[in-house]
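Colleague: Hi! I have a bit of time to go through this one with you. Could you open it up so we can chat about it?

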Amino acid sequence: MLSKAKLWLSLALSTLLFWSAGLHAAWDLNMPRGVTQMSRDTYDLHMTIFWWCVAIGVVVFGAMFWSIINHRKSKGVQPATFHESTKVEIIWTIIPFLILIAMAIPATRVLTAAYDASESELDVQIIGYQWRWEYRYMRENMDEEEVSFFSVLATSREEINNGVDKGENYLLEVDRPLVIPTDTKVRFLMTSADVIHAWWVPDFAIKKDTIPGFINETWVIVEEPGIYRGQCAELCGMEHGFMPIEVHALAPADYQAWYAEQQAGVRQIRELAAAEMSMEDAMAQGETVYNRNCVACHQPGGVGMPPVFPALTGSVKATGDVAVTMDTLVNGVPGSAMAAYGRQLNPIELASIITYVRNGFGNNTGDVVQPSDVTAYIEGGQ
Amino acid sequence: MSATHTISDAHDHHHGPAKGLTRWLYTTNHKDIGSLYLWFSFSMFLLGGAFALVIRAELFQPGLQFIEPAFFNQMTTMHGLIMVFGAVMPAFVGLANWLIPMMIGAPDMALPRMNNWSFWLLPFAFSIMVSTMFMEGGGPNFGWTFYAPLSTTYAPPSTTFFIFAVHVMGASSIMGSINVIATILNMRAPGMTFMKMPLFVWTWLITAYLLIAVMPVLAGVVTMMLFDIHFGTSFFNAAGGGDPVLFQHLFWFFGHPEVYIMILPAFGIVSAIIPTFARKRLFGYDSMVYATASIAFLSFIVWAHHMFTVGMPLAGQLFFMYATMLIAVPTGVKVFNWVATMFRGAMTFETPMLFAIAFVVLFTMGGFTGVMLAITPADFQYHDTYFVVAHFHYVLVPGAVFSIMAAAYYWLPKWTGYMYDETLGKLHFWLSFIGVNLLFFPQHFLGLAGMPRRIPDYALQFANFNWISSVGGFLFGFSQLILLFVVIKCIRGGKKATDQVWEGAQGLEWTIPSPAPYHTFETPPDPKLIHAQ
């Protein structure tokens with residue numbers, strides 16, 4: 001009777017489990033096997049150790065629960081009097097030691113392979129910022145346009161604050177993903193501009209800290225085209241949970257086409273930055289830039305979160321000398337969370353955000369800053 | 001026997017506890033100070049637990065519901081700091097105060113005035129630390145590991161107060177450990193040789209040496225932070241020629257022995273409880289002592305396994321991987337010895353035994369994930385995810401905290417003179433056991449599936465297990481109120497406890513009356529009462 005009830009219960013439970021799994025695949029129990037040799041080796045290592053632990057657990061807990069069931073006072077047993085055995089102690093010191101050696105050998109092999117970053121075909125620099133990633137593609141020819149861009153969370157504040165339904169890739173989507181070719185040894189050179197971050201993509205089995213003043217290296221050969229997602233893994237301040245990583249792995253030919261397109265884009269922005277901007281255009285674009293880059297700290301309406309994140313309304317830096325606003329945006333405020341945006345944003349975006357903070361939030365200075373002003377300011381060595 | 005009782009009663013009359021608040025302020029009595037430590041620890045446990053429930057409430061569903069990310073980071077930081085330095089460590093010091101003199105046949109701790117001071121520093125240290133949350137810019141928000149430069153250049157202004165609080169706590173811990181060492185080395189009763197000491201005394205002796213060795217390193221590292229923040233040095237600032245990774249090396253040189261500081265006394269407690277309720281001597285006493293010493297030694301040479309992703313050279317990674325794996329050997333010996341002690345005993349399952357058995361099973365599960373984390377390439381995947389959160393909560397909650405609860409139930413009749421309510425004790429155990437597993441087991445899955453730790457919001461595929469974990473968290477948290485109720489009820493009365501309390505209990509503390517008189521062993525106990533453990 002009891003066993004029948006148990007059978008029904010386990011059937012019901014497993015049905016529920018599978019049904020839910022089919023529904024939204026949110027019952028992932030294990031590590032992904034991934035798309036690189038390294039990630040598969042890591043997965044196999046993980047499973048090997050896991051099964052060793054299960055085996056040891058079955059033996060140890062088995063012995064323990066057998067004793068608990070059989071050697072209880074209520075069964076009228078008399079306690080034994082033995083309390084030591086050097087032989088047994090030596091056996092259960094040596095056996096775990098041998099098991100550990102059996103685990104250490106494959107672990108050493110996989111780790112040694114992971115350290116071989118030589119002969120890479122493409123180098124990409126990854127720079128962590130509070131709270132975004134910059135990707136810079138290393139050029140072979142310094143006369144070419146440099147492809148480099150920032151990658152920022154694309155999930156809207158409304159989704160995070162439960163104003164609208166959350167999308168499928170909630171918190172794991174960015175405005176501009178890192179793009180790399182498949183079947184190519186790509187080396188990542190990692191550093192940080194402020195605090196320590198960690199760049200992690202589970203499908204690649206890569207997690208490495210980006211540390212200010214250091215360059216760490218790691219590498220990947222992705223075997224299948226696709227979109228791979230990850231997150232910053234090292235606590236890096238307020239928005240640590242909101243700096244995801246999105247990598248698009250393209251077939252080499254597609255990658256080449258993408259790369260050429262990016263270089264053309266760099267040339268195009270250079271031309272556009274020479275043109276004049278109207279107040280309306282600057283305010284409209286400034287709002288977009290603000291909502292993507294500034295709103296987390298300075299808050300909607302520019303009210304800020306004093307004293308750490310100052311309000312923009314009536315701020316001396318926003319309403320005083322235009323050079324001060326420009327300096328704050330371009331060079332940041334060293335030693336604070338205010339990043340240097342001089343390289344994160346292009347001159348058009350910079351000009352519009354400066355115009356926006358000087359004319360929005362009740363700051364009616366009436367100035368329109370032009371992209372050419374910003375370019376001149378940056379090139380002036382400020 | 002009755003004659004000595006009369007004498008000690010008359011003695012109590014003259015030197016018994018003072019009345020009112022001054023008794024607790026001025027006390028130099030190890031039992032009073034032990035109680036102060038335990039009550040302080042319990043109040044910090046509830047406060048740190050409340051912070052944890054704020055975290056679990058926010059993580060109940062994806063999206064931001066209750067708190068802002070900036071406050072969330074303060075919650076994770078304060079939860080960790082309060083639980084480590086305010087709940088677990090003072091609880092063990094409180095048990096040491098109560099039990100070590102009674103276990104070794106000493107009249108009190110060796111340095112009673114310092115004992116008073118080392119306790120009374122703590123409420124001030126924690127008031128300072130908690131008050132930072134009401135300061136401009138908020139309290140510490142950089143995690144309990146406070147990695148530079150997030151905790152220096154980018155830290156809120158209140159960090160200076162945090163540094164001061166850590167210094168005061170460290171001074172308290174160092175004084176507490178000096179006291180433990182001085183007591184154990186100098187005040188053992190005649191006949192209480194080292195290899196006859198109860199394991200709780202042994203594990204605390206070794207723990208005290210660990211504390212003295214590493215607390216100054218923590219003090220040093222926070223002082224370097226202070227200089228970086230206020231005096232223009234660049235210990236951890238790369239722009240000034242410093243090294244942010246140096247911070248991590250120093251922190252974990254403190255931090256890893258700290259982990260064992262929080263678990264070695266737990267081993268001692270469990271090694272006292274299991275033999276009592278199995279009615280059989282502890283198996284392999286000598287190897288338990290040697291295993292404890294080996295774990296303490298290894299704890300100094302494994303620190304960088306917390307830092308496998310900082311980019312150490314291959315040789316460094318391999319050394320720290322091998323050294324870390326080695327810890328499994330002495331830890332395994334301990335677990336095997338506990339199982340061998342139960343084997344062919346005559347067991348009963350009162351509340352202390354239930355907590356002790358749960359300790360062995362669940363701590364061992366934390367040990368398994370510890371071995372997995374030692375494997376460096378696999379650690380690249382586990383590091384800084386909920387897998388790590390699950391691992392260290394398994395060793396700290398059903399590990400260290402369960403052992404403290406087991407100790408409380410086990411010695412409560414000796415402290416109060418009354419038996420606690422067994423039914424409520426068992427209810428507390430089972431709710432805690434179910435709650436803690438619901439809370440932490442699903443976090444293994446979350447980590448493996450890719451959820452980083454210390455995030456206030458998460459992607460949708462992590463929703464289900466977070467939901468389960470939060471339910472478990474609230475169940476576990478509110479179950480602790482039962483413990484409070486049981487303890488108060490037991491202090492107020494109940495069935496009178498006998499001197500020995502438990503049928504199988506061995507050791508000097510069970511030879512004195514229940515409740516233990518205010519002063520015990522003013523004359524050394526009869527050496528014939530001292531048996532090998």
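Colleague: Let's jump straight in. In what sense do β6 and β9 of chain A pair?

Modeller: They pair in the antiparallel sense, over two bridges. β6(A) covers residues 197-201 and β9(A) covers residues 226-232. Do keep in mind that this is a predicted model.

Colleague: And which residue is the bridge partner of W200(A) in β9(A)?

Modeller: That would be Q231(A).

Colleague: What is the strand order in the sheet?

Modeller: It's an open sheet of five strands in chain A, running β4-β10-β9-β6-β7 with mixed pairing. β4(A) and β7(A), the latter spanning 206-210, are at the edges; each has a single partner strand, so one side of each lacks a neighbour in the sheet. On average, neighbouring strands are turned by 25° against each other, direction ignored.

Colleague: Which helix packs on the sheet?

Modeller: Helix α5 of chain A, residues 252-272, packs there and touches β4 and β10 of chain A. The direction of α5(A) makes about 135° with that of β4(A).

Colleague: Back to β4(A): are its faces covered or open?

Modeller: Both faces are covered. L178(A) and I180(A) are buried on one side, and V179(A) and P181(A) are buried on the other. As for pairing, β4(A) runs parallel to β10(A), residues 244-250, over four bridges. In that pairing, L178(A) stands opposite V247(A).

Colleague: Nice. Now for backbone oddities: what is the phi of A205(A)?

Modeller: Its phi is positive, about 55°, although A205(A) is not a glycine. A205(A) sits in the loop between β6 and β7 of chain A.

Colleague: Why does A205(A) count as buried?

Modeller: Because A205(A) has 30 C-beta neighbours inside 10 Å, and 20 or more is the cut-off for buried.

Colleague: And what about the phi of V501(B)?

Modeller: That phi is near 60°, again positive in a residue other than glycine. V501(B) lies in the segment after α17 of chain B. With 18 other C-beta atoms within 10 Å, V501(B) is partly exposed.

Colleague: Where are the cis peptide bonds you flagged?

Modeller: One runs from Q130(A) to W131(A), with omega near -5°. W131(A) is in the loop between β1 (122-129) and β2 (132-137) of chain A. Another runs from S514(B) to P515(B), also with omega near -5°. P515(B) is in the segment after α17 of chain B.

Colleague: Switching to the interface, how many residues does each chain give to the contact?

Modeller: Chain B gives 79 residues and chain A gives 80. On the chain B side, the elements that give two or more residues include α4 (69-104), α8 (244-261), α16 (422-449) and α17 (463-492). The largest share on that side, eight residues, comes from α12(B). By type, the chain B side divides into 50 nonpolar, 21 polar and eight charged residues.

Colleague: α11(B) gives residues to that side too, I see. Which of its residues are buried?

Modeller: Q317(B), F320(B), M321(B), T324(B), M325(B) and L326(B). The buried residues of α11(B) pack against α3 (86-114) of chain A, together with α10 (285-298), α12, α13 and α14 of chain B.

Colleague: How far apart are the end C-alpha atoms of α11(B)?

Modeller: They are 19 Å apart, which agrees with the 18 Å that 13 residues should span at 1.5 Å a residue.

Colleague: And what does α5 of chain B pack against?

Modeller: Its buried residues pack against α3 (30-58), α4 and α6 (159-186) of chain B. Among those buried residues are F119(B), L122(B), F126(B) and M129(B). For α5(B), residues 112-131, the ends are 30 Å apart, in agreement with an expected 28 Å for 20 residues.

Colleague: Last topic, confidence. What is the average pLDDT of chain B?

Modeller: Chain B averages 94, and 97% of the residues score at least 70. Over residues 1-13 of chain B, though, the pLDDT is below 50, and beyond near neighbours in sequence that stretch has six contacts in the model. Where pLDDT is low, the predicted coordinates should not be read in detail.

Colleague: And what are the ipTM and pTM?

Modeller: The model scores ipTM 0.91 and pTM 0.90.

How values were computed: Residues are numbered from 1 along each chain as its sequence is written. Chains are lettered from A and ligands numbered from 1 in the order in which they are written. This is a predicted model: local features need pLDDT of at least 70, side-chain atom pairs count only at pLDDT 80 or more; totals for chains, interfaces and linings use all residues. A residue is buried if 20 or more other C-beta atoms lie within 10 Å of its own, exposed if 12 or fewer, and partly exposed in between; C-beta atoms are placed from the backbone. Two strands pair if DSSP finds at least two bridges between them. Two residues are in contact if their C-beta atoms, placed from the backbone, lie within 7 Å. Ala, Val, Leu, Ile, Met, Phe, Trp, Tyr, Cys and Pro count as nonpolar, Asp, Glu, Lys and Arg as charged, and the others, Gly among them, as polar. The expected span of a helix is 1.5 Å times one less than its number of residues. pLDDT is the predictor's confidence in each residue, from 0 to 100. Axes are lines fitted to C-alpha atoms, for helices over the stretch in contact, and angles run from 0 to 180 degrees between N-to-C directions.
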